[in-house]
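Visitor: Before we begin, could you show me the chain, and then take me through what makes its labels apply?

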Amino acid sequence: MDCGVDDNGRGPTFAPGLAQDLLAVFISHSHLDHVGGIPSLVKAGFKGPFLMSGETENYLKGLYPGLLPSLAIKAIEPGVALTVGRELTVDSGKAGHCIGSLWFDIRFRGKRIVFTGDYLEDSPYLCDPIRHRKADIAIIDGSYWHKDVPPLAANLLRLKSLVAKYNGNVLLPVSGNGRGIIVREMLEDWGYETIVRGGLFRENLKAWLKPSSSRPGDRLKGTGKPVVFTDKDFQNPDTRALVENNPDKALILSGSVDDGSVAASYLLNRPHTFQIFFNSHASEGEIKNLLANNAFDKHVLFASKKTLFPTNISF
């Protein structure tokens, strides 16, 4: 289930023979911490198939040519059961994290596994809540476990307030599939003509995004044109020039900021720089609610500092 890389681009290592023995690999969504290790998996001998949503497949083929090898890919339609081989069946639903993101309910040889992928119910993206499911083990998104995360609506209203304060003259570094789409949709809801630098993935958007009536409304009257760009880590010199040549524009960081990063330097030293932490993962309260509303014999939180890696899971 998933095959990503860490923040330093390091992928997983595989015990001899493991990759060749895999029947299938489930991909929850298109972000590199969940897919960046695929080339290493194939090099180690995996022959396919990969199972993912059609939107995830198309995003990866468009943004990362060569990442997906010419192996079999089975497109999963959320809510439609799928059988792989003779013994493996999977049910799935929308996970609320980005376009194409899925959770999985997998049954294999009398065992049952629920894997959330990155998961968020309180999301502008559509989420099929995981409810009333029995499983031997649940592997759950724990990225924001024990993290004090305000409700999404509160953060969106704070964003709206800042955009209004600066009359639309704001710079917004975002990811190409995830919170970046939400930011642009909100700006359009509020009546701004947005300049986009870099590609935002909007395939089949209406099938994955909640209607605008569910987001904070009321159009604003700013005359500035917000600039949304998909170089959230400021790796491109043109991006850094854009930020540094427009010191009076507000720079609004919507993701996490790592110590020592360019973003951290801007947050510390550049005037008119703000951070609004958009939650894109389940909060501690949502995780507890998830556990209370399902019957999981065991559960493991992944991407949590409470979980030590590598983790050997037996059930």
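**Labels and their grounds**

Guide: Pro49 is placed in the loop between helix H3 (38-43) and strand E2 (50-52), where helices (H or I, at least four residues) and strands (E, at least two) are DSSP runs, numbered from the N terminus. This is a predicted model in which local features need pLDDT of at least 70 and side-chain atom pairs count only at pLDDT 80 or more, while totals for chains, interfaces and linings use all residues. Residues are numbered from 1 along each chain as its sequence is written, and side-chain values use heavy atoms, with hydrogens and water left out.

Visitor: What makes the peptide bond from Gly48 to Pro49 notable?

Guide: The bond from Gly48 to Pro49 is cis, with omega near 5 degrees.

Visitor: Why is His132 called exposed?

Guide: Exposed means over 50% relative accessible area, buried under 20%, and partly exposed in between (1.4 Å probe, protein chains only); His132 has 70% relative accessibility, and therefore counts as exposed. His132 lies in the loop between strand E7 (111-115) and strand E8 (134-141), and has a positive phi of about 55 degrees although it is not a glycine.

Visitor: And what makes Phe234 buried or exposed?

Guide: The relative accessible area of Phe234 is 1%, so Phe234 is buried. Phe234, too, is not a glycine yet has a positive phi of about 55 degrees, and its place is in the loop between strand E11 (227-229) and helix H7 (237-244).

Visitor: How do you know that strand E12 pairs with strand E13?

Guide: Two strands pair if DSSP finds at least two bridges between them, and three bridges join E12 (residues 250-253) to E13 (residues 273-275), the two running parallel. In E13, Phe274 is the bridge partner of Ile252. From E12 the chain crosses through helix H8 (residues 262-269) to E13, and this β-α-β crossover is right-handed: with the strands pointing away from the viewer, the path from the first strand over the helix to the second runs clockwise.

Visitor: Which residues touch the most other members of the largest nonpolar core?

Guide: A nonpolar core is a set of buried Ala, Val, Leu, Ile, Met, Phe, Trp, Tyr and Cys residues joined through side-chain atoms within 4.5 Å; the largest has 59 residues, and those touching the most other members include Phe26, Phe104 and Ile252. Leaving aside neighbours within four places in sequence, Phe26 is in contact (heavy atoms within 4.5 Å) with residues including Leu51, Ile76, Leu88 and Phe104.
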